[in-house]
Amino acid sequence: MRIALFATCIVDAMYPETAKSTVKLLERLGHEVIFPKAQACCGQMHMNSGYMPEALPVVENHINAFDTDDYDVAVAPSGSCVASVKHQHPYLADRLGKPELKERAKAVGARTYELTQLLVDVLGITNAAEQLGSYFPETITYHPSCHGMRSLGLGDRQLDLLKTVGGITVNELPEADQCCGFGGTFSIKNADVSSAMLDDKVKNICSTGASACSGGDASCLMHIGGGLSRTGAKPKTLHLADILASTMEETVSL
Amino acid sequence: MTQVFLGMPAGGQGNLFESEPFPKAAHRELGNTQMRKNLRHATHTIRDKRLKVVGELPDWEALRDAGSVIKNNSMATLEERLLEFEKNFTARGGIVHWARDADEANQIVTDLVKATGSTEVVKVKSMATQEIGLNEHLETEGISAFETDLAELIVQLGHDKPSHILVPAIHKNRTEVRDIFLKEMPVVDPNLTDEPAKLAEAARAHLRKKFLAAKVAISGANFALADTGTLGVVESEGNGRMCLTLPETLITVMGIEKVLPQWEDIEVFMQLLPRSSTGERMNPYTSLWTGVTEDDGPQNVHIVLLDNGRTRALADRFGRTALNCIRCSACMNVCPVYERTGGHAYGSTYPGPIGAILSPLLTGIEVEENGSLPYASSLCGACYEACPVKINIPEILVHLRGEDVDAKREKHKLPTQMDLLMKGGSWALGKGKNIGLLEKALPLGRLAAGKDRKIKKLPGIAAGWTQSRDIPAPPSKSFRDWWSDEKESK
Ligand code: SF4
């Protein structure tokens, strides 16, 4: 397959390794990966902050970049950005009275997948060690990000896949399904509540004894990692794409 | 026929407003550790109960779909349904009153009570009468209203405000309840303990006298059935049943959105509601009444159909499904924000996720006081997942944020920091070229992070981030540039 990578703005600018890991995984499976250079961002930050007219150029740019015949499916290492592409883009077009854009948004959304959705549902990966050569000899825990879990209905796909990585130990995170408190600009507009939620997440992560907390969304991991770092806690954060891409030969270090 | 557009329907009044911006109220409430402990315990207990009983029904998702569809249909034909209900309720001896807003509803109820010559009324737990501030209004007219629902009684005796739509005193624990009873009940055992059975006993003794003496009762309604003209109240304690059957006069105040097309519809809602609200398979008391029955129960039966902003909410095509709410409270029980701030932080009678959308939809978002409510959510979606009628609360929250920003844009000339950030972001993220250009500055961020590779303090609104979180040093090269260098040049 020819797969278009939607890196997402935060991964592109802050966590390039995660995008490289995504490329590695897909190439390892024999697929061709392209990176449409016109892409920038899904516009979620603007929409979730209520800035709809300002979101329009961002959303239009994404749709223009991905509404092409140049690839089979698009993939992003983020549940949240994929949920935005699938659900928020049609809403924005509708709200601003652009029926044609809405149809294009729906078409792009229908071919856009979150990474584990693509790996499990489309590419049939059920065992990361065997099928992807994944190897990561660490004890981790895993936080399921809300948009992947609820808006995309990922269920246990991410966790199940992580459990099949060679050498790994996955300790269950207490109250895993509770939001970490990120919520985009919620984290600054309602910083106190966001921090109170983060506090509990950090405590729960530390209680697992894991040396890293993994997840499928770089933004939530940046928030959680920032909290862990601030409290001087030992665990690091690592995107699941990086763990899946880690191999016996090239083992990712924490 | 010519259509006359009369403009946007009027906004709701009464207890629908924030008293202060949510972040400020939340800051204060977060410091109340006893309240947070009580609330965490209560919400977690009810969450588990709900999940257990919901899991027992193999057709739960189908029931949710049915609930959502019935409500959508009902709302799409609201005018016909209401007129049909009026016809049938009147035919069975009931009297229908229409109230445009809180003031009108309060006046109607006051006049009805005064006409009976009574100066005391007993009350069945009702959100609509909380919304319009009926008790306070009656008091100014010399009429005392006695709440009979146990939790509502605790709130009333404690001169407090409800903080939850189902368990108004959820923020109080047993010991606090005992203290309120000891202080406020005219006749009470001075050795009262905080055992639930003893507390219930004290409340029963206190209320029994009121039930037997009351000539007028005021209730809300969980639903009205258009095809039969029936009203229904769903409750746990039986105190509601006493109010609905013993007095001579029964006055019900109900939001117009509570009407359901037909009798059969309660089959769906009687499965959805108890399981979602108290986590029970079935609630102990369900009372249904259809007008007046000679020599049995109240002989003067009234209903006040309340708009108070509902028509306005119905006019919002992206927000109107908020009117489908059956007030089960599941959304607030699962909400991580509500769990930490409690209900008082939301100001309005309706707290939690549903309150954050319903209050501004009823009043209109341009009413400045409610502008911060739609932001009181991390958009985690736990509410939508739990809602028995599938109200997509996160989507409506985002929609209302858009309405809020649009309304503010019209009013304010000076842009805020957030406005500038969003405008800049719109340019930067609106083209691959632009973000690529900015990413060239990533090494500067590395410089700012210094030796320990952490950014610990940011200025302006971004200081909210660094109050509890570090930012890692950015990479030296963006993925975009890596791709150009490694993949394209080869
Ligand atoms: S919005 Fe849904 S979950 Fe919340 S109270 Fe209403 S019906 Fe219940």
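These legends walk you through a few close-up views of a predicted model.

**View 1. The ligand and its neighbours.** Let's start with the ligand, which has 13 residues around it. The closest of these are Cys325(B), Cys328(B), Ser329(B), Cys331(B) and Cys387(B). Sorted by character, the surrounding shell holds 11 nonpolar residues, one polar residue and one charged residue.

**View 2. The cavity that holds the ligand.** Step back a little to see where the ligand is placed: the second largest cavity is its site.

**View 3. Where chain B meets chain A.** Here 71 residues of chain B and 66 residues of chain A take part in the contact. The size of an interface is often given as the accessible area lost when the parts come together. For chain B and chain A, about 5,900 Å² is buried, with 58% of it on carbon and sulfur atoms. Look for Met422(B), Leu429(B) and Phe479(B): they supply 12% of the area that chain B buries against chain A, more than any other three residues.

**View 4. Charged and polar links across the interface.** Between chain B and chain A there are 12 salt bridges. A salt bridge joins the side chains of Arg409(B) and Glu54(A), at 2.6 Å from N to O. The interface of these two chains also has 41 residue pairs in polar contact, counting pairs with both residues at pLDDT 80 or more.

Note on methods: Residues numbered from 1 in each chain as written. Chains lettered and ligands numbered in written order. Predicted model: local features only at pLDDT ≥ 70, side-chain atom pairs only at ≥ 80, totals over all residues. Heavy atoms only, no water. Near = heavy atom within 4 Å. 1 Å grid on protein atoms, 1.4 Å probe; cavity = no way out; pocket = protein on both sides within 12 Å on 5 of 7 lines; lining within 4 Å. Sits in = over half its atoms within 2 Å of the grid points. Nonpolar A, V, L, I, M, F, W, Y, C, P; charged D, E, K, R; others polar. Contact = heavy atoms within 4.5 Å. Buried area = accessible area lost by both parts, 1.4 Å probe. Salt bridge = Lys/Arg side-chain N within 4 Å of Asp/Glu carboxyl O. Polar contact = N/O pair within 3.5 Å; in protein donor to acceptor, adjacent residues only side chain to side chain.
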